[in-house]
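Colleague: I'd like to learn how to read confidence and internal space in a model like this. Could you walk me through it?

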2 protein chains.
Amino acid sequence: MIPEVLTAGQFATVYNALSLVIAAQLFTAIFLVIALPRVLPRYRTALTIAAIVCGIAAYHYFRIFASFTEAFETETPGGLGDFSQAIGVGFNEGYRYVDWLLTVPLLLVELVAVLALTRKAQNRLLWMLVPASILMIAFGYPGEISSDPVARTIWGILSTIPFLVILYVLFVELTKSLAVQPVRVRRTLSNLRWLLLLSWGVYPIAYLLPSFDIGADGWVYKQVGYSIADIIAKAVYAIVIYQVARTKSFIEDPSFARAEEGHAGETAPAAARR
Amino acid sequence: MIPEVLTAGQFATVYNALSLVIAAQLFTAIFLVIALPRVLPRYRTALTIAAIVCGIAAYHYFRIFASFTEAFETETPGGLGDFSQAIGVGFNEGYRYVDWLLTVPLLLVELVAVLALTRKAQNRLLWMLVPASILMIAFGYPGEISSDPVARTIWGILSTIPFLVILYVLFVELTKSLAVQPVRVRRTLSNLRWLLLLSWGVYPIAYLLPSFDIGADGWVYKQVGYSIADIIAKAVYAIVIYQVARTKSFIEDPSFARAEEGHAGETAPAAARR
């Protein structure tokens, strides 16, 4: 439930957390677009999807920020007193689900794309991951907007089933594909699954927090928790994907590596120039 | 503390200083993106990060500017009289810390990237610099928002510890890496550390100013001080990084230098043309 009153400190905490997410997602997206030529063409689809994910998140956080600042108001000078719910406008939690519905399947596509598997192996993984991730989000939403703890629990459990499918695919099926990856990126790719898992772990915790009736503080923690989880699962994740793509590019094309990594004092060979 | 009243002159001073920073950061970012092909590929990551830093700063100064103009209002014709705090909105100092949390680690990554060290030497420096810079900013924020001089002092001291770690890495560890840089850029790179140090020196001074209780003037000086420091530490710093990257590009690839530096009347050799 959205709290009726926020202190100035609680309001500022949510306000700055939301603004931090906008900056992190927007500029990660811009970075990835500019840095596209810094990997081989075969990895540019993965980076483009990563940029789109961060761009979609930035858009939704602009919306969430606007919704939040409209939903609470205060009559105190300098905004130093308590904020209460505005008349006629509410905070729209739905933006988060619309965002996840688009971005969570794309995050999994991004991971599979950077593996650069055969088309057959790639399709096999995506036909399991994409539908499961859509169902996971779709089942979470009715629970999120419900104020009935029983309904929240039932939808929460329903949402967990496709989540377990995703876990199975990531930690059993995908493990076979990791064996064909270069040694230097194998551990990073393996850890990426944990990054997804740990950051996704924040969502059910944030989902359960309001059930414990810790009032406005619980709601503030939920907003900050979602914000940090979104930065880790999208922006930090994208930068790791970029690093993997770059390392693989260097391994697969030594002349590209020389042009991109030439060290101080070295002379660039003519073949490496573009 | 945010002053209750600003004279029209104080208001205009902060207003124009904030607008100056937006222009400086935004167009330095745009310049760097356009100028990317003017350095060898190996230096484009450093310039991309420099552009992202200036872009993030521009975003936050747009926000700070909007927050400032909403937080103060006057009833006088032509806005020629005193400004007082608006009802229901405050000036959000938190934007600066959100900005620094993202940009200060990136400024250090930018410096290390332009050195073009081996991956091992680069990672060694970054694993010290990035965590230290995040802690430095994170410890500064609770002090900034506190009105208790004792709390301000304690957080100020805690923030100084990671700052000293950064100083050690820049002036001891990094000095070894400077030895392998071309002679023509060695002094500039060495001076860049002082540019960071001197511009960062403005932040603790601006942080301490309100403690001396010089009222609205102290607050105005703090805003102007932060603005100038941000221009030097990000935009001016980026342009110096660009000059270093360009000089190193010319030294390492003579045909690139001929194509980029050919003087009036010279004919570019076919190999260098693109």
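Colleague: Among the elements of chain A, which has the lowest mean pLDDT and which the highest?

Modeller: Keep in mind that this is a predicted model. In chain A, the lowest mean among the elements, 83, belongs to helix 6 (residues 183-208), and the highest, 97, to helix 2 (residues 44-71). Over the whole of chain A the average pLDDT is 89, with 94% of the residues scoring at least 70.

Colleague: Where in chain A does pLDDT stay under 50?

Modeller: The general idea comes first: where pLDDT is low, don't read the predicted coordinates in detail. Here that applies to residues 270-274 of chain A, where pLDDT stays under 50 and the model has 10 contacts beyond four places in sequence. For the model overall, the scores are ipTM 0.90 and pTM 0.91.

Colleague: Now the empty space. How many cavities of 30 Å³ or more does a search of the whole structure find?

Modeller: In general, you roll a probe the size of a water molecule over the atoms, and that shows where empty space is left. In this case the search turns up 1 cavity of 30 Å³ or more, and the largest cavity holds about 30 Å³ of space.

Colleague: Which helices of chain B each supply at least two residues of its lining?

Modeller: Helix 5 (149-178) and helix 6 (183-208) of chain B do. Helix 5 of chain B gives the largest share, 5 residues. The lining includes B:Phe163, B:Leu167, B:Arg193 and B:Trp200.

Colleague: And how do the lining residues divide into nonpolar, polar and charged?

Modeller: For the largest cavity, 8 are nonpolar, none polar and 1 charged.

Definitions and conventions: Residues numbered from 1 in each chain as written. Chains lettered and ligands numbered in written order. Predicted model: local features only at pLDDT ≥ 70, side-chain atom pairs only at ≥ 80, totals over all residues. Heavy atoms only, no water. 1 Å grid on protein atoms, 1.4 Å probe; cavity = no way out; pocket = protein on both sides within 12 Å on 5 of 7 lines; lining within 4 Å. Points joined across faces, edges and corners; volume = space filled by probe spheres on them. Helix = DSSP H or I, 4+ residues; strand = E, 2+ residues; numbered from the N terminus. Nonpolar A, V, L, I, M, F, W, Y, C, P; charged D, E, K, R; others polar. pLDDT = per-residue confidence, 0-100. Contact = heavy atoms within 4.5 Å.
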